[in-house]
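The following paragraphs lead the reader through a structure, one region at a time. Please keep the sequence and the coordinates in view while reading.

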Amino acid sequence: MCYKNVSTVFKFLLKGLDVLNYKEDGDFDLIQSVNPKFKNALTGINVFRDHPQTVRFIFPEDIGERLEQAELVVFDEAASIPVHLLKNLFGPYVVLMASSTSGPEASSPYLFSNMINAIEPSGALESQSGKLQKFTLNDPIHYASGDSIESWLNHMLCVEPAICSHLSCGFPVPDQCRLFCVNRNSLFGGSKQAEDFLQSLMSILTSSSRVMNPDHLLNLADSPNYQIFCLLPPVTSSKQVLSGIICALLVMSIFFIY
């Protein structure tokens with residue numbers, strides 16, 4: 001797991017304490033992780049000026065009963081937390097959830113929608129006596145607004161799903177559709193038609209996966225264990241152009257040697 005985001009939160013918090021003239025040891029102390037993966041990184045702050053308060057980083061699966069006295073609980077990349085586990089994390093406290101849905105390492109739109117649809121009707125929010133409020137941050141974090149490099153990078157890595165709301169072929173009769181095994185040499189051939197097909201294929205695959213990871217594209221291109229199947233509408237003799245992918249399957253072969 002990447003600790004970068006957690007480290008940024010604590011750095012921001014320490015800056016705030018410094019501005020408020022809080023002194024380490026006198027007004028607060030630091031908690032370092034004993035997890036060897038974190039290499040003694042900061043995972044908590046105990047504040048004891050005026051009244052005791054604690055900020056802790058906890059893995060979702062390790063929370064248990066620790067949230068009973070919580071006032072605010074923050075979930076970063078909440079869409080990547082299994083829904084059955086996420087529902088159990090709600091309680092009589094304010095919950096702030098955040099998920100990125102664009103760019104590399106973001107949660108897929110499907111996973112984000114699945115999380116929202118599972119939480120809203122489940123009654124998980126009843127204990128908070130409030131409704132789920134959603135806010136969207138459109139301003140970029142790593143790049144300037146409208147940065148052409150970001151657009152080019154996301155397009156090259158195929159991490160910006162662009163699912164069409166309808167197929168240009170309409171709803172073809174199933175018996176007329178055909179299932180194809182995709183030739184990867186042709187898929188990465190570099191032609192305009194191959195590029196368009198690759199973007200459409202990756203949009204379907206990344207939208208249905210958990211995380212939009214550039215490694216998916218690398219595995220798709222190089223891994224001998226992957227096979228790609230696409231269900232395509234019928235191609236008429238008058239128009240020898242693919243009109244869209246109806247369904248895509250990514251099959252991974254596993255071999256056992258005894």
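Two strands are taken to pair if DSSP finds at least two bridges between them. With that criterion in hand, one may turn to β2 and β3, which form a hairpin with 5 residues between them. The model is a predicted one. The two strands of this hairpin run antiparallel and are joined by 4 bridges. Within the pairing, Gly 44 stands opposite Arg 56 in β3.

On β2, Gly 44 is also the bridge partner of Ile 31. The strands concerned, β1 and β2, pair in the antiparallel sense over 5 bridges. β2 thus takes part in pairings with β1 and with β3. The strand β2 is mostly covered, with 5 of its 6 residues buried.

The turn of the hairpin deserves separate attention. Asp 50 lies in the loop between β2 and β3, and its phi is positive, at about 70°, although the residue is not a glycine. Most residues other than glycine have a negative phi. Asp 50 counts as exposed because its relative accessibility is 72%, and the cut-off for that class is over 50%.

The helix α1 packs against these strands. It covers residues 4–19, 16 residues in total, and reaches 23 Å from its first C-alpha to its last, close to the 22 Å expected at 1.5 Å a residue. Which residues of α1 are buried? They are Val 6, Phe 10 and Leu 17. Seen down the axis of α1, these buried residues fall within an arc of 30°, so they line one face of the helix. Their packing partners are β1 (28–32), β2 (42–47) and β3 (53–56). The face of α1 turned away from the buried side carries exposed residues, namely Lys 4, Lys 11, Phe 12, Lys 15, Asp 18 and Val 19.

After α1 comes Asn 21, with a positive phi near 65°. Asn 21 is not a glycine, and its place is in the loop between α1 and β1.

The same loop, between α1 and β1, holds Asp 27, which is linked to Arg 49 in the loop between β2 and β3. The side chains of Arg 49 and Asp 27 meet in a salt bridge, at 3.2 Å from N to O. The pair links distant parts of the chain, the two residues being 22 residues apart. How do the two partners stand with respect to accessibility, buried or partly exposed? Asp 27 is buried, with a relative accessible area of 14%, whereas Arg 49 is partly exposed, with a relative accessible area of 28%. The dividing value here is 20%, since buried means under that figure.

How many salt bridges does a search of the whole structure find? The search finds 2. Besides the pair already described, Asp 196 forms a salt bridge with Lys 192, and the closest N and O atoms are 2.6 Å apart. Both residues belong to helix α6 (residues 192–207); because they are 4 residues apart in that helix, they are separated by about one helical turn. Lys 192 counts as exposed, at 61% relative accessibility, while Asp 196 is partly exposed, with a relative accessible area of 41%. Side chains of opposite charge can pair when their charged atoms come close.

A further sheet remains to be considered. Three strands form an open sheet in the order β7-β9-β10, and the pairing is antiparallel. β7 (178–181) and β10 (247–252) stand at the edges, each with a single partner strand, so one side of each is left without a neighbour in the sheet. Neighbouring strands of this sheet are turned by 20° against each other on average, direction ignored. Strand β9 (residues 226–232) pairs with β10 over 6 bridges in the antiparallel sense, and Phe 229 stands opposite Leu 249 in β10.

The loop that leads from α7 (214–222) to β9 contains Ser 223. Ser 223 counts as buried because its relative accessibility is 14%. Leaving aside neighbours within four places in sequence, Ser 223 is in contact with Arg 184 and Leu 218.

Note on methods:
Residues numbered from 1 in each chain as written. Predicted model: local features only at pLDDT ≥ 70, side-chain atom pairs only at ≥ 80, totals over all residues. Heavy atoms only, no water. Expected span 1.5 Å × (residues − 1). Buried < 20%, exposed > 50% of the residue type's maximum accessible area, 1.4 Å probe, protein only. Arc of directions from axis to C-beta. Contact = heavy atoms within 4.5 Å. Axes fitted to C-alpha atoms, helices over the stretch in contact; angles between N-to-C directions. Salt bridge = Lys/Arg side-chain N within 4 Å of Asp/Glu carboxyl O.
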